[in-house]
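Trainee: Please take a close look at a single part for me. I would like the place where the two chains meet.

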2 protein chains.
Amino acid sequence: MTLAVHLERGRQQVEQALDRALPARDPDPCRLVEAMRYTLLLPAKRIRGIICLTVAEAFAADPGRVLPLAVAVEMVHAASLILDDLPAFDDAERRRGATTCHRVFGESTAMLASIGLLAAAFRHLARNGRTRWFGADDATRTVAVLAEAVGEDGMVVGEALDLAARGRELTLDQLERIHALKTGSLFIACTAEAARLAGAGPAERNALETYAKNLGLAFQVVDDVLDVAGDPARTGKDAGADREGASFVRFAGVEGARRLAAELVETAVAALAPLGPRGARLGEIARFVLERDR
Amino acid sequence: MTLAVHLERGRQQVEQALDRALPARDPDPCRLVEAMRYTLLLPAKRIRGIICLTVAEAFAADPGRVLPLAVAVEMVHAASLILDDLPAFDDAERRRGATTCHRVFGESTAMLASIGLLAAAFRHLARNGRTRWFGADDATRTVAVLAEAVGEDGMVVGEALDLAARGRELTLDQLERIHALKTGSLFIACTAEAARLAGAGPAERNALETYAKNLGLAFQVVDDVLDVAGDPARTGKDAGADREGASFVRFAGVEGARRLAAELVETAVAALAPLGPRGARLGEIARFVLERDR
């Protein structure tokens, strides 16, 4: 199977599960479910969900074992996008090729939709914790890992540090720390947890954690490049929206950032060595991240 | 033990557990943990947490069995207060006798603190799902029940309906529906789940659900009365902050709302009949809700 077919199949599998995980419409006269579905189901790469499925495939585990996690992580990611686009953050107009959630539904509904998606992610993991593939112990552990990736050791502190850094000069360490928390923690959490669910051994799990850490950062660096040098018609979001924030391009210039992204991807691929041939597809996915900028 | 001593002991037990459940300070140069601790730990009644402990006591269950739930529900409640006070909602100045979170820490940090507290609630349940008193099955179920109470079948849709109703005339049914979702769903979830954890039988659990439903609504009606007729020095929040929203006082006047609250409390107390003498303390707590207005 080519990478393109693998990605497309994974994307469809994740999106069908996302579609089923929320009610189809609002039972009440407000547009909350509509707002939740709007940002969650707009066309997207589903890279986090696909990585979960690819890790399961690498260890010949049933996809049902990681699908609840793939759904939950995409829900958390969508919740974070809604938040990120709000006037108090990036005040963005476009996301996933469409008008941002708060500009369609209003700011307060967007905030509630973000919280609703976060609750839906944990509910989905917990409700699925009684299936053949995914038990209560799995659900409990996965909820803990995902909640840690969101909370004050993860995503929200990355966002807070990013805001606090606006307009300031940062060292590369500081910049990496912000993105390790803001984007990396969710990437690492879903990859490492998928590896555990798929039955990977300790060495393989460490390898995948290093892979995810570097890939998450590469993803962010490429995002920063696309933010200044990308075509909004292809990126689907505002150009220059993150200009004020902690950007690798501001730090190293466009070419420096491109070199950094390539290095991070090579580090991610090299980290897969303990997996042997099992890691091939994950290596292809890492290299694909750089393609977004071509 | 008098009711006052019972409430004070419960309050202390819940607050000590809350204090331990979050890091003491921010590891990074931002004020996120500080903002989370600020609203969470300001002096509060802890009525939801105390109900969990009281239900455990009624069935002679170890308090450790319901304490994770008591902590999680108070975290979710604090997260909802931060959100409720934001400019896009009530734009409140005072809460729990102090300046609101967003007016101390800024709007974006307050939003992140609200999401951080929500994540902390689920993390706390999941991390405690391996203790002697509270297993993985308990944690999984409790996460699902609490997430349902927060999500698009609960709190956030109540908030959305409340916003959509601003300035409109509502029927009593519509008003009750908004508050059943906005406040009631969390009240019912924690009471019903505490009952299950404490080993209550089906009839007792139904009784406690009816108790929680009526008590939650009574609590909201009393809040509405205090909002127009209360002393801000005692309520600890802005007078008239909810004036625009769905208020029982706007519907029935101050005296009508007081009568309604008294009726709801009597219904809550009457619902406890299947518990016999075990329900006495919960009955006292219900009547205490009316005391707040005296």
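Mentor: Here is the contact between the chains, beginning with how the copies are related.

This is a predicted model, in which local features need pLDDT of at least 70, side-chain atom pairs count only at pLDDT 80 or more, and totals for chains, interfaces and linings use all residues. Residues are numbered from 1 along each chain as its sequence is written, with chains lettered from A and ligands numbered from 1 in the order in which they are written.

A turn of 180 degrees, with a shift of 0.0 Å along the axis, lays chain A on chain B with an RMSD of 0.0 Å. That superposition is by least squares on the C-alpha atoms of residues with pLDDT of at least 70 in both copies. The two copies are therefore related as by a two-fold rotation axis. Both use the same surface: 100% of the contact residues of chain A recur in chain B.

Now the contact itself. Chain A places 43 residues against 43 residues of chain B; contact means C-beta atoms, placed from the backbone, within 7 Å. On the side of chain A, helices H2 (32–41), H6 (107–127), H7 (136–150) and H8 (155–164) each give two or more residues. Helices (H or I, at least four residues) are DSSP runs, numbered from the N terminus. H6(A) supplies the largest share, 14 residues.

By class, this side of chain A has 29 nonpolar, six polar and eight charged residues. Nonpolar covers Ala, Val, Leu, Ile, Met, Phe, Trp, Tyr, Cys and Pro; charged covers Asp, Glu, Lys and Arg; the others, Gly among them, count as polar.

Technical notes
Two residues are in contact if their C-beta atoms, placed from the backbone, lie within 7 Å.
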